[in-house]
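Here's a model to poke at, with sequence and coordinates side by side. Have a look first, then read on.

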Number of protein chains: 2
Amino acid sequence: MARRFVVIGRRAVASGEFSLDDLPSTSGRMDVLLRCVRAAFLVSHGLRRDTIVYLVLLGGPRAPRTLRIDGSAVRFVRPDERALANMVQKALAIATSGEGFVEVKPGIAVAEGGLEVVLGDVGAGTAYVLREHGRDVRETALDAIAPVVFVGDDLDLDDASAAALARHGAREISLGPISVHADDAITLVQNELDRVASR
Amino acid sequence: MARRFVVIGRRAVASGEFSLDDLPSTSGRMDVLLRCVRAAFLVSHGLRRDTIVYLVLLGGPRAPRTLRIDGSAVRFVRPDERALANMVQKALAIATSGEGFVEVKPGIAVAEGGLEVVLGDVGAGTAYVLREHGRDVRETALDAIAPVVFVGDDLDLDDASAAALARHGAREISLGPISVHADDAITLVQNELDRVASR
């Protein structure tokens with residue numbers, strides 16, 4: 001089983017049409033999502049092969065689309081934003097049809113559709129959603145075997161996504177007294193999962 | 001009192017002469033240090049005004065130099081790497097003399113010299129150094145009032161820095177079963193400090 005992180009980019013442009021020289025202004029804050037990819041996968045001595053990241057892209061005319069990166073198969077996940085942006089841009093440039101996830105490179109797949117496609121793809125596990133008012137992760141019996149963690153981007157979750165996750169049974173968790181960026185949230189959850197898994 | 005983070009960039013170019021389009025290859029991995037700046041300062045609802053970051057730049061012909069960013073005075077710390085690189089590059093382009101920290105912009109100062117200059121500047125507090133073999137931070141009575149946290153970049157600390165920090169009395173701490181990147185380490189320490197401070 002894998003650790004799955006699902007980042008919902010409310011404005012992140014699904015077409016991949018953005019400038020590498022000005023990501024925040026041209027990509028619908030794809031930079032936030034790219035930092036989440038780094039935080040989810042990269043550790044000092046390599047790449048977390050047990051992790052899968054979904055980027056749900058809800059911005060622009062091609063939306064919704066979802067990018068899936070599977071740590072067990074992906075190659076060359078670099079830490080810097082520009083390289084990650086380049087990787088995502090190339091993947092999104094490939095035409096996809098409406099039939100689930102299509103692998104466009106080893107470990108990288110793209111699907112038409114948003115959260116509903118992810119919910120159909122993640123498989124079994126315990127769903128969590130990061131919310132400021134949620135229960136402290138350290139007071140939660142965290143499932144380190146098959147967690148599915150949903151997180152918003154720099155905006156809070158949209159109402160439709162929040163409602164869909166509630167129907168899905170996602171448990172609301174928080175990460176401490178100060179609300180942090182999405183990538184930091186993923187860093188904190190990965191560390192917590194590492195600690196639970198090592199007990 | 002402030003939370004101080006000191007990041008030691010073993011190859012990070014002290015001259016500021018690097019390409020924004022290829023940071024990892026041209027800057028001596030300044031990208032690692034820039035991500036540390038973001039992790040130290042930025043939270044969902046703004047900037048941590050109680051935090052000071054030192055970037056010790058040991059790479060290139062102008063080394064050693066140190067950049068200091070003071071959260072109580074700095075403006076416009078943006079989250080994306082390219083904007084952070086631009087900010088640091090502009091600060092380093094300003095000529096500095098050999099007389100301690102010189103403020104080059106509000107909240108941003110540059111000094112000639114490396115770790116010894118930082119040790120003379122940080123003031124009172126409890127020093128910690130992040131090491132894989134250190135004591136788990138959760139089993140440490142962490143000083144949340146005046147911590148000074150030293151961290152290496154993507155390489156481990158050089159012997160001279162490690163020896164200087166040992167003489168300085170820095171306590172070795174670790175952050176969990178899996179060794180993480182420097183920016184993730186700072187995220188984890190900030191969260192731990194938030195938790196200790198809120199008790």
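What follows walks through the symmetry, the sheet, the cores and the salt bridges.

This is a predicted model, so local features need pLDDT of at least 70 and side-chain atom pairs count only at pLDDT 80 or more, while totals for chains, interfaces and linings use all residues. Residues are numbered from 1 along each chain as its sequence is written, chains are lettered from A and ligands numbered from 1 in the order written, and side-chain values use heavy atoms, with hydrogens and water left out.

**Two copies**

Lay chain B on chain A and you get an RMSD of 0.0 Å, using a turn of 180 degrees and a shift of 0.0 Å along the axis. That's the relation of a two-fold axis. The fit is a least-squares superposition on the C-alpha atoms of residues with pLDDT of at least 70 in both copies. As for how the copies meet, 100% of the interface residues of chain B are also interface residues in chain A, so they use the same surface.

**The sheet in chain B**

Helices (H or I, at least four residues) and strands (E, at least two) are DSSP runs, numbered from the N terminus, and two strands pair if DSSP finds at least two bridges between them. On that basis, chain B has an open sheet of eight strands in the order β6-β7-β5-β4-β1-β9-β8-β10, with mixed pairing. The edges are β6 (102–105) and β10 (171–174) of chain B, each with a single partner strand, so one side of each is left without a neighbour in the sheet. Direction ignored, neighbouring strands are turned by 30 degrees against each other on average.

β1(B) is a good strand to follow. Eight bridges join β1(B) in parallel to β4 (residues 51–59) of chain B, with B:Gly9 opposite B:Leu57. On β9 (residues 147–152) of chain B, the link is also parallel, through five bridges, and here B:Val6 stands opposite B:Phe150. Nine of the eleven residues of β1(B) are buried, where buried means under 20% relative accessible area, exposed means over 50%, and partly exposed is in between (1.4 Å probe, protein chains only).

For an antiparallel pair, look at β5 (residues 65–70) and β7 (residues 108–112) of chain B, joined over five bridges; B:Thr66 sits opposite B:Ala111 there. Helix α6 (residues 182–197) of chain B lies across β1, β4, β8 (126–136) and β9 of chain B, running at about 175 degrees to β1(B). That angle runs from 0 to 180 degrees between N-to-C directions, with axes as lines fitted to C-alpha atoms, for helices over the stretch in contact.

**Nonpolar cores**

A nonpolar core is a set of buried Ala, Val, Leu, Ile, Met, Phe, Trp, Tyr and Cys residues joined through side-chain atoms within 4.5 Å. The largest one has 101 residues, and those with the most contacts inside it are A:Met30, A:Leu67, B:Met30 and B:Leu67. Apart from it lies another core of 22 residues, among them B:Leu115, B:Val122, B:Val129 and B:Leu157. Contact means heavy atoms within 4.5 Å, and B:Met30 touches residues including B:Phe18, B:Leu57 and B:Leu92, not counting residues up to four places away in sequence.

**Salt bridges**

Which residues pair up by charge? With a salt bridge taken as a side-chain nitrogen of Lys or Arg within 4 Å of a carboxyl oxygen of Asp or Glu, the structure holds 42 over all chains. Three of them are listed here.

| Pair | N to O distance | Separation in sequence |
|---|---|---|
| A:Asp154 and A:Arg29 | 3.7 Å | 125 residues |
| A:Arg138 and A:Glu192 | 3.9 Å | 54 residues |
| B:Arg82 and B:Asp21 | 2.8 Å | 61 residues |In the pair from A:Asp154 to A:Arg29, A:Asp154 is partly exposed at 39% relative accessible area, while A:Arg29 is buried at 18%. A:Glu192 is buried too, at 5%, whereas its partner A:Arg138 is partly exposed at 28%. Both B:Arg82, at 23%, and B:Asp21, at 40%, count as partly exposed. Salt bridges that share partners also build one network, with A:Arg29, A:Asp154 and B:Arg38 among its members.

Over in chain B, B:Arg29 is in the loop between α1 and α2 (30–41) and is buried at 17% relative accessible area. Its contacts include A:Pro79, B:Arg11 and B:Asp154, leaving out residues up to four places away in sequence. B:Arg29 and B:Leu155 are 126 residues apart in sequence and 10.0 Å apart in space, C-alpha to C-alpha.
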